[in-house]
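Here are my notes for you on this one. Have a look at the model first, then read on.

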Amino acid sequence: MGNNGRRKFITALLSIGGLGTFISAFYPVVKYMTPVKSGKPSVSSLKLGKLSDFAKNAWEIVRFGRKPLIIINDENGKLHALSAECTHLDCIVQYSKEEKMIICACHNGHYDLNGKNISGPPPRPLKQYKVNIQNGEIIITKKEDG
Ligand code: FES
């Protein structure tokens, strides 16, 4: 291998190394920016287990297909199922046991337990889902209107 050939060989090695560095630096960023695809793309109902296992004044976030829902068992034992995506900029909402409201910590948005936007920047209500109890088991389904 002459001087010229060696130089080409070293240049090729360096560019392969550079490519590896480029991929290892940017792969995590690209992966982070890609939306997480968990859950089935579309489902029509979701079983959530026994109503008796869901404490009063408790809440949880579940997946309905790819959509996050917030499920709240209010202090009177009434279940509420709503989209958990804030209608302002899609942050995940949470239930405030103290305020007895759904809140969005991103910009201090507030919703009532029916999903009605009552203060802060959210422009629309949270979408409601239907809650049925069959043989003591909680079943969540979409409402006909959406
Ligand atoms: S994203 Fe919820 S209030 Fe802004």
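The points below go through the sheets and then the core.

1. A quick heads-up: this is a predicted model, where local features need pLDDT of at least 70, side-chain atom pairs count only at pLDDT 80 or more, and totals for chains, interfaces and linings use all residues. Residues are numbered from 1 along each chain as its sequence is written.

2. Start with the open sheet of 6 strands, which runs β1-β10-β9-β4-β3-β2 with antiparallel pairing. Strands here are DSSP runs of E, at least two residues, numbered from the N terminus, and two of them pair if DSSP finds at least two bridges between them. At the edges you'll find β1 (45–50) and β2 (58–64), each pairing on one side only.

3. Zoom in on β2 and β3: they pair in the antiparallel sense over 7 bridges. Look for W59, whose bridge partner in β3 is I72.

4. Now find the open sheet of 4 strands, in the order β5-β6-β7-β8, again antiparallel. Its edges are β5 (94–96) and β8 (117–119); each has a single partner strand, so one side of each has no neighbour in the sheet.

5. Strand β7 (residues 109–111) pairs with β8 over 2 bridges, in the antiparallel sense. H110 has S119 as its bridge partner in β8.

6. What about the largest nonpolar core (buried Ala, Val, Leu, Ile, Met, Phe, Trp, Tyr and Cys residues joined through C-beta atoms within 7 Å; buried means 20 or more other C-beta atoms within 10 Å of a residue's own)? That core has 19 residues, and L69, I70, V93 and I140 have the most contacts inside it. Its largest share, 4 residues, comes from β3.

Note on methods. A nonpolar core is a set of buried Ala, Val, Leu, Ile, Met, Phe, Trp, Tyr and Cys residues joined through C-beta atoms within 7 Å. A residue is buried if 20 or more other C-beta atoms lie within 10 Å of its own, exposed if 12 or fewer, and partly exposed in between; C-beta atoms are placed from the backbone.
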